Amino acid sequence: MVFTAAEISALLQGELVGDPNAKVHNIAPIESASKGDLSFISNPKYEKYLTETKASVVLVGKHLSSDKPGLTLIKLEDVYTAFSTLLKQLEQMQQPGKTGIEQPSYIAPTATIGQNVYIGAFAYIGENAVIGNNTQIFPHCYVGDNVQIGQHCTLHSGVKCYANTQIGQHVIIHSGAVIGSDGFGFAPQPDGSYVKMPQTGNVVIDNYVEIGANTTIDRATIKSTHIKSGVKLDNLIQIAHNVEIGEHTAVAAQAGISGSTKVGPNCLIGGQAGIVGHIEIARGSKIGAKAGIGKSIATEGKGWSGRPAIEHGQSLKIQAITKKLPELYKQVQELEKKLNKLSNKGESPNEQ
Amino acid sequence: MVFTAAEISALLQGELVGDPNAKVHNIAPIESASKGDLSFISNPKYEKYLTETKASVVLVGKHLSSDKPGLTLIKLEDVYTAFSTLLKQLEQMQQPGKTGIEQPSYIAPTATIGQNVYIGAFAYIGENAVIGNNTQIFPHCYVGDNVQIGQHCTLHSGVKCYANTQIGQHVIIHSGAVIGSDGFGFAPQPDGSYVKMPQTGNVVIDNYVEIGANTTIDRATIKSTHIKSGVKLDNLIQIAHNVEIGEHTAVAAQAGISGSTKVGPNCLIGGQAGIVGHIEIARGSKIGAKAGIGKSIATEGKGWSGRPAIEHGQSLKIQAITKKLPELYKQVQELEKKLNKLSNKGESPNEQ
Amino acid sequence: MVFTAAEISALLQGELVGDPNAKVHNIAPIESASKGDLSFISNPKYEKYLTETKASVVLVGKHLSSDKPGLTLIKLEDVYTAFSTLLKQLEQMQQPGKTGIEQPSYIAPTATIGQNVYIGAFAYIGENAVIGNNTQIFPHCYVGDNVQIGQHCTLHSGVKCYANTQIGQHVIIHSGAVIGSDGFGFAPQPDGSYVKMPQTGNVVIDNYVEIGANTTIDRATIKSTHIKSGVKLDNLIQIAHNVEIGEHTAVAAQAGISGSTKVGPNCLIGGQAGIVGHIEIARGSKIGAKAGIGKSIATEGKGWSGRPAIEHGQSLKIQAITKKLPELYKQVQELEKKLNKLSNKGESPNEQ
């Protein structure tokens with residue numbers, strides 16, 4: 001397919017600077033684009049490529065410009081969102097949604113299957129499970145007894161939902177994610193062994209949530225582990241039992257949140273960060289990659305980093321000085337020598 | 001179902017303080033319980049809720065009391081274990097164990113299947129595999145050739161056991177766990193490439209082990225990776241080849257143990273902790289969340305934290321001073337200035 | 001099976017010291033070997049066991065020797081590679097490759113299946129997928145539409161390859177690995193919600209790559225996430241969208257590499273390390289376990305550790321001094337006191 005710069009600019013409601021008839025037939029990253037490619041710059045790190053890119057058309061922020069011959073710009077308020085609109089169009093052309101029930105699959109007689117649904121081969125739908133309209137269940141998914149899945153959801157191949165899980169609408173879950181596994185609760189006994197704490201609750205996932213590949217969300221001991229609307233979880237994340245994650249909080253890969261912790265809405269949690277159990281994280285907190293959060297965060301909207309985590313600005317100061325520790329150590333030893341020398345000198349008259 | 005406080009107290013052999021006829025029909029966390037709910041307090045963090053909870057009956061430790069009208073307490077030696085007894089009852093009422101062989105499933109002709117077993121649809125049982133009595137194999141499990149699984153085990157949907165894995169009795173394995181994948185062993189070659197070290201051993205799992213969702217346990221290069229009786233592994237844990245984990249050791253989510261390391265019995269290993277290969281961890285060691293253990297731990301029963309990990313008490317001291325580093329740095333610079341001034345003053349007479 | 005020391009020495013082209021007729025019928029680790037076992041020492045940590053091992057034959061480096069009666073040594077240039085040759089022989093005797101198509105499996109009518117292929121029960125091969133000769137697809141694998149898999153590959157049970165993934169030859173992928181899940185890209189909106197950035201690219205995996213259990217590799221937003229020839233990835237690793245990993249780089253378990261980062265060839269990345277997005281790591285870099293890499297590394301072949309990571313030698317110095325921080329802090333406070341005393345003394349004459 002071929003599009004002109006004018007067509008794309010009209011679709012995205014941008015400001016076209018250059019040749020409205022410039023043609024593109026492909027999308028490529030700015031640093032590796034060729035003639036005929038459309039590209040974009042939303043991260044300032046990549047602005048340096050604007051002078052050297054071979055792309056024919058580039059989506060840019062309002063503040064950028066170029067007089068490179070043969071380069072057409074489409075200026076936009078929000079490049080990243082505009083680019084997502086464009087990719088959405090492309091994706092729909094490439095991968096039309098699947099429908100129908102492939103065989104062999106297993107659908108319990110008491111299950112309820114909506115309209116226009118895709119159920120892939122080897123998918124398992126348990127007793128009393130409900131699958132909403134326009135939802136896609138890819139091969140090898142396990143939908144346990146009494147699980148409810150709303151409309152317009154996608155469960156990619158191999159998602160496992162334990163019994164009683166509740167999933168809202170427009171939810172996307174990637175391969176290998178496990179929803180509703182037992183929380184990690186054991187009562188230690190006097191002889192050093194453990195008695196398992198049965199996990200009788202479930203997991204509730206609200207609308208517009210996306211859950212990454214091989215992420216695990218444990219069921220509650222009692223009541224529910226709750227992932228609220230618009231939450232985005234990356235891959236390989238651990239969400240323990242009875243955790244609650246507020247609206248539109250985004251969590252990067254390999255982070256872990258321990259049992260019964262409540263994370264507020266609109267937080268950003270960095271990759272490989274860890275949060276202990278039984279605490280609360282205030283709305284809009286920004287937790288750095290690899291941070292270790294050991295206490296509740298009460299003030300909203302602040303950045304935190306380090307282990308144990310402290311406010312990000314202070315953490316940067318400490319990092320800077322930590323790098324200088326060898327010199328600081330040496331300096332202190334020399335100060336001590338100098339002081340001793342001076343002190344001896346000063347005291348010598350008294351000693352005589 | 002409705003129970004009275006007296007019935008529950010009798011079941012748990014507790015001391016009832018309040019109304020023996022108080023009725024409960026549900027279980028809820030202490031901070032969100034309503035009238036008619038039973039709740040519990042085992043973590044001191046939650047004791048503050050005792051005065052404001054709306055629960056009708058609360059399981060508490062011997063040291064707690066309340067004169068709140070309408071609140072009945074059941075006092076217990078070990079609240080957490082008692083609560084697990086209660087949940088166990090509830091669980092058995094809610095989810096009776098599954099039995100029977102669902103179709104389509106794949107059972108090799110040479111496999112041996114015990115009595116009263118559940119084999120879910122799309123489960124795969126390989127050649128010469130043995131499944132013990134009363135064991136449940138959920139849909140999409142892979143039980144490779146020659147795998148032996150004992151009695152009263154549960155493999156949740158999508159567990160993968162490579163060939164020759166041996167599993168004891170009363171073992172629970174959660175969805176997506178991989179048992180017996182190849183250890184990570186490669187011989188570096190002069191040209192920078194690697195030759196794969198074949199992994200010809202297996203994984204042996206003893207009785208009463210629980211393994212969390214998406215946890216991975218690699219087979220041994222030779223002989224066995226060994227998870228001993230009563231070990232509890234949370235989600236997303238990495239256990240490398242030839243590792244040995246002693247009885248009743250519990251490991252929290254996302255921790256990793258590198259090749260050939262031997263962890264003693266009764267250890268507690270925190271979330272996201274990492275342990276290098278070829279070392280030994282003494283019995284009863286407590287390793288903090290995110291700790292990095294780079295050397296053997298020879299003394300039993302101590303706590304360790306930080307990276308590289310040191311004894312927990314010392315680690316806390318270092319953390320406290322690390323927070324003060326910016327002031328310490330400033331202090332040293334001022335000391336130096338002061339000392340130079342003093343020193344110049346002191347020396348000036350000699351210079352003249 | 002029984003082999004003599006002479007047969008093994010001839011196979012490995014080693015130098016035999018001891019009894020050429022010494023018989024072995026098993027392979028065991030040096031510290032637990034018995035009479036009739038063959039063992040090996042490649043890690044210097046295990047050399048101490050040479051005097052006490054009960055093994056009959058041991059593969060050792062050229063520098064080792066022993067006059068223990070009944071112990072035969074085979075001296076080798078590269079013990080680890082020689083041992084891998086031996087295990088390879090053993091493995092081929094133990095586990096002959098599987099072939100044939102088990103039922104029920106799902107193979108789309110437009111898929112192309114090569115010669116001498118194994119397709120396990122419950123495997124799913126999508127539209128236009130291509131499976132090369134001599135490749136093994138174990139049960140429960142998902143091979144999405146248009147996926148291409150070359151010759152001599154092994155996908156263990158439960159591997160998931162999203163649509164359009166391309167895999168070269170001699171690639172091994174372990175159970176639960178997810179190839180081609182959506183990259184984590186969302187455009188934040190003024191109201192705090194997110195718009196999903198469609199991920200329209202794919203994952204390309206070159207020859208001789210090995211990918212560990214439950215590792216996740218996200219598809220590119222546009223173009224390809226690219227894992228180059230000879231790369232070895234351990235278990236539970238996160239590779240984000242548009243990442244590129246150079247030839248023969250090895251990554252240990254639970255490490256994570258963020259979006260669009262380019263890792264050079266021949267790097268070693270330690271367990272639980274994390275690398276931020278949009279940076280470049282120079283050829284031959286050695287990144288320590290748990291390191292946090294926040295900036296590009298331009299110099300080739302250096303070691304890095306800590307968080308934020310610095311050169312390994314400097315990092316060790318800082319670690320050593322960090323351990324002494326409590327004493328350093330005390331020392332500075334005492335210096336200050338001493339200096340104040342001295343200063344008062346020195347100044348007192350002037351003040352009078």
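Strand 27 (residues 224–227) of chain A runs parallel to strand 30 (residues 244–245) of chain A, and two bridges join the pair. One of the residue pairings here puts A:His226 with its bridge partner A:Glu244 in strand 30 of chain A. Keep in mind that this is a predicted model. Below we stay with strand 27 for a bit, then move to the open sheet in chain A, the helix pairs in chains A and C, a glycine in chain C, and finally how the chains map onto one another.

**Around strands 27, 24 and 19 of chain A**

- Strand 27 of chain A also pairs with strand 24 (residues 202–205) of chain A, where four bridges join the two and the strands again run parallel.
- If you want a spot to look at in that pairing, take A:Val203, whose bridge partner in strand 27 of chain A is A:Thr225.
- Which residues sit on the covered face of strand 27 of chain A, and which on the uncovered one? A:Thr225 and A:Ile227 make up the covered face, while A:Ser224 and A:His226 make up the uncovered one.
- So A:Thr225, the partner of A:Val203, belongs to the covered face, whereas A:His226, the partner of A:Glu244, belongs to the uncovered face.- Strand 24 of chain A is covered on both faces: A:Asn202 and A:Val204 on one side, A:Val203 and A:Ile205 on the other, all of them buried.
- Strand 24 of chain A has a parallel pairing with strand 19 (residues 166–167) of chain A too, this one over two bridges.
- In that pairing, A:Gln166 stands opposite A:Val204 of strand 24 of chain A.

**The open sheet in chain A**

- Five strands of chain A make up an open sheet with mixed pairing, in the order 2-7-6-5-4.
- Which strands are at the edges? Strand 2 (15–17) and strand 4 (26–27) of chain A are, each pairing on one side only.
- Helix 1 (residues 5–12) of chain A packs on this sheet and touches strand 2, strand 5, strand 6 and strand 7 (72–76) of chain A.
- The direction of helix 1 of chain A makes about 5° with that of strand 7 of chain A.
- Strand 4 of chain A runs parallel to strand 5 of chain A, with two bridges joining them; A:Asn26 has A:Asp37 in strand 5 as its bridge partner.
- On its other pairing, strand 5 (residues 37–40) of chain A meets strand 6 (residues 57–61) of chain A in the parallel sense over three bridges.
- Among the partners across that pairing, A:Leu38 goes with A:Val57 and A:Ser39 goes with A:Val58.
- Is strand 5 of chain A covered or uncovered on its faces? Both faces are covered, with A:Asp37 and A:Ser39 buried on one side and A:Leu38 and A:Phe40 buried on the other.

**Helix 1 against helix 2, in chains A and C**

- In chain A, the axes of helix 1 and helix 2 (residues 79–94) come within 10 Å and cross at roughly 115°.
- Helix 1 and helix 2 of chain A are therefore roughly perpendicular to each other, and their crossing is right-handed.
- The contact is made by A:Ile8, A:Leu11 and A:Leu12 from helix 1 of chain A, and by A:Ala82, A:Thr85, A:Leu86 and A:Gln89 from helix 2 of chain A.
- Over in chain C, the axes of helix 1 (residues 5–12) and helix 2 (residues 79–94) come within 10 Å and cross at roughly 115°.
- That angle makes helix 1 of chain C roughly perpendicular to helix 2 of chain C, and helix 1 passes helix 2 in a right-handed crossing.
- Here C:Ile8, C:Leu11 and C:Leu12 of helix 1 meet C:Ala82, C:Thr85, C:Leu86 and C:Gln89 of helix 2.

**A glycine in chain C**

- C:Gly180 sits in strand 21 (residues 178–181) of chain C.
- Is C:Gly180 buried or exposed? C:Gly180 is buried, with a relative accessible area of 0%.
- Leaving out neighbours within four places in sequence, C:Gly180 is in contact with C:Tyr162, C:Thr165, C:Val203, C:Ile217, C:Asp218 and C:Arg219.
- C:Cys161 is 19 residues from C:Gly180 along the chain, and their C-alpha atoms are 6.1 Å apart.

**How the chains map onto one another**

- A turn of 120° with a shift of 0.0 Å along the axis lays chain B on chain C, with an RMSD of 0.1 Å.
- That is the relation of a three-fold axis.
- Chain C can be laid on chain A by a turn of 120° and a shift of 0.0 Å along the axis, with an RMSD of 0.1 Å.

Methods
Residues are numbered from 1 along each chain as its sequence is written. Chains are lettered from A and ligands numbered from 1 in the order in which they are written. This is a predicted model: local features need pLDDT of at least 70, side-chain atom pairs count only at pLDDT 80 or more; totals for chains, interfaces and linings use all residues. Side-chain values use heavy atoms; hydrogens and water are left out. Two strands pair if DSSP finds at least two bridges between them. Contact means heavy atoms within 4.5 Å. Axes are lines fitted to C-alpha atoms, for helices over the stretch in contact, and angles run from 0 to 180 degrees between N-to-C directions. Buried means under 20% relative accessible area, exposed over 50%, partly exposed in between (1.4 Å probe, protein chains only). Copies are superposed by least squares on the C-alpha atoms of residues with pLDDT of at least 70 in both. Angles under 35 degrees count as roughly parallel, over 145 as roughly antiparallel, 65 to 115 as roughly perpendicular and the rest as oblique. A crossing is left-handed if the near helix is turned anticlockwise from the far one by less than a right angle, and right-handed if clockwise.
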